[in-house]
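Student: Could we go through this one together? I'd like to know what stands behind each label.

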Amino acid sequence: MSRERREENLRQLSARFDDYARLNMIERAGPVPPEAAALAQSVYLAHSTSETNFSAICESNRLLSPQRLHAERIRALRADSVEALLGTANAVFLYAGPFRFPATGCGVLFAAGLETNYKEGGLATPFDSGGLLHGFTRIDPAETPAAFLARHELPLPDHRRYLEASLGVLFSTPLDYLHGNDPAWPGPIGLTGGDRRRWTHEVRLPDQIDLRTGYLQAVFVPISRVADPHIYGMLRWCEHSGVDYVSFNASHGGDFETLKRECVDYITRQIL
Amino acid sequence: MAAPRQITELEIVGYATVLKDTMVPSVVPPVFRLKADPSCILFPPYAFSGGSVWNATEASPHDLERLAERNEITRFERPFPAQGDFELWVDQKMAAHYEPRAKADEALRSIANDSIRDAREAFAGGNQAEADRLCGVALSADDRLVEALAIKAAIRRQRRDAAGERVMGKLASRALGL
């Protein structure tokens, strides 16, 4: 899909948003709250995974798309996988927000500026694409998930304008987006079901992302995982390069709640 | 979020991470399945209270399969019944144990203490690599063991690795809640 098409999608979605706000009498008279603007402009791009996957990522220094994992014989891409069915297998998946993928133990945040490098090849959707096949319900079941997805693919970094409008109007407070609390108003997209990923912006970047670049904002690992040489190597590189790393006690293993809380606290400290 | 489920209604089908040999022993969070409805899978995060599992993420067997393929979870060949106040942990041979919490805590504490004792001896004997490895085992068993981080820091100081020493210092500060 061309950037022009994604820009047209953003125009149409913004128009639907304005209609929705008018119809429900929730239009904002003044400027958006400063927290909404700050969060929308600067919220980081998050990716979290299991400890073993994270060790491999640290070793290879790359986040890889499912297609790249398949091509390098690391993990087979099944024809019935969500990514294959939706045509998203060439993408590395990130959230514009805190870690959202459940049951993960380690993660990385990239600066929002990374998006500007992918104005052509990257895109965003105002929901988790995988949820369209498993978790979310669409208003019109006759429309295929792939067609619905294509209508909502937005350009980078302009999708953040829609995020800003959402944060300022749909949520009781912009902090609800960060904390994973549902918006007070569902908005014009028309998805129901699933969890907070229904309204979290997903950013998809092509093929692979190098970790050790100027865009790496922070690394999150349980203290115990410093015993893994590849994870330790990443922390040491962060220390040497002035990149933040956040460590935490998680003796009870795979403590996603702790990972998520540390991430939300970090974003709050840095951006708000 | 799923409705609260009595722990006795559940069985364990795996755990919500994948571990390497550099990450054990470790307590791991169980992935549950409803005994009466095997299509209902419960993932962490969740909370235990009053003999029930609260606020779990409810998912399908498809999700279970998808996460296993992505190397995000480990599945057991045979599910087994969940029990109240039990802990699931994986030992250094990658064998899973499911036993009363107090017994599991005792086993892990014992591994941590033995590893620290051996790490001290290895360090004193000049075997840095073995001391470093043993500290990793101790940390995997108990990540509040600041002594393991202190020995790791000392090893890096001996190696004149200033960045590595600072990493261990910062981790120790976090372990102490500073």
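**Labels and their cut-offs**

Tutor: Pro45(B) sits in the loop between strand S5 (37–43) and strand S6 (47–49) of chain B, and the peptide bond leading to Pro45(B) from Pro44(B) is cis, with omega near 5°. Keep in mind that this is a predicted model, where local features need pLDDT of at least 70, side-chain atom pairs count only at pLDDT 80 or more, and totals for chains, interfaces and linings use all residues. Residues are numbered from 1 along each chain as its sequence is written, while chains are lettered from A and ligands numbered from 1 in the order in which they are written.

Student: What makes something a helix or a strand here?

Tutor: They're DSSP runs, numbered from the N terminus: H or I with at least four residues for helices, E with at least two for strands.

Student: Which other peptide bond is cis, going to Pro25(B)?

Tutor: The one from Val24(B) to Pro25(B), again with omega near 5°. Pro25(B) is in the loop between strand S2 (10–15) and S3 of chain B.

Student: Why is Pro102(A) called buried?

Tutor: Pro102(A) has 23 C-beta neighbours inside 10 Å. Buried takes 20 or more other C-beta atoms within 10 Å, exposed 12 or fewer, and partly exposed is in between, with C-beta atoms placed from the backbone. Pro102(A) therefore counts as buried. You'll find Pro102(A) in the loop between strand S3 (91–96) and strand S4 (106–110) of chain A.

Student: What does Pro102(A) contact, leaving aside neighbours within four places in sequence?

Tutor: Phe256(A), Phe43(B), Pro45(B) and Thr57(B). Contact means that the C-beta atoms of two residues, placed from the backbone, lie within 7 Å.

Student: Why is Asp85(B) exposed and Met94(B) partly exposed?

Tutor: Asp85(B) has 10 other C-beta atoms within 10 Å, so it's exposed. Met94(B) has 13, so it's partly exposed. Asp85(B) is in the loop between strand S9 (74–81) and strand S10 (86–90) of chain B; Met94(B) is in the loop between S10 and strand S11 (96–100) of chain B. Neither is a glycine, yet phi is positive: near 60° for Asp85(B) and about 70° for Met94(B).

Student: How do you know that helix H7 (residues 159–169) of chain A is mostly covered?

Tutor: Nine of the eleven residues of H7(A) are buried, among them His159(A), Tyr162(A) and Val169(A). The cover includes helix H1 (3–23), helix H2 (34–42) and S3 of chain A.

Student: Why is H9(A) called roughly perpendicular to H5(B)?

Tutor: Helix H9 (residues 229–241) of chain A and helix H5 (residues 162–175) of chain B pack at about 105°, with axes 9 Å apart. Roughly perpendicular covers 65 to 115 degrees, roughly parallel is under 35, roughly antiparallel over 145, and the rest is oblique. That angle therefore makes H9(A) roughly perpendicular to H5(B).

Student: Which residues make the contact of H9(A) with H5(B)?

Tutor: Leu235(A), Arg236(A), Glu239(A) and His240(A) on one helix, with Ala163(B), Gly164(B), Arg166(B) and Val167(B) on the other. They divide into three nonpolar, two polar and three charged. Nonpolar means Ala, Val, Leu, Ile, Met, Phe, Trp, Tyr, Cys and Pro; charged means Asp, Glu, Lys and Arg; the others, Gly among them, are polar.

Student: How many residues does each chain give to the contact?

Tutor: Chain B gives 35 and chain A gives 34. On the chain B side, H5(B) supplies the largest share, seven residues.

How values were computed: Axes fitted to C-alpha atoms, helices over the stretch in contact; angles between N-to-C directions.
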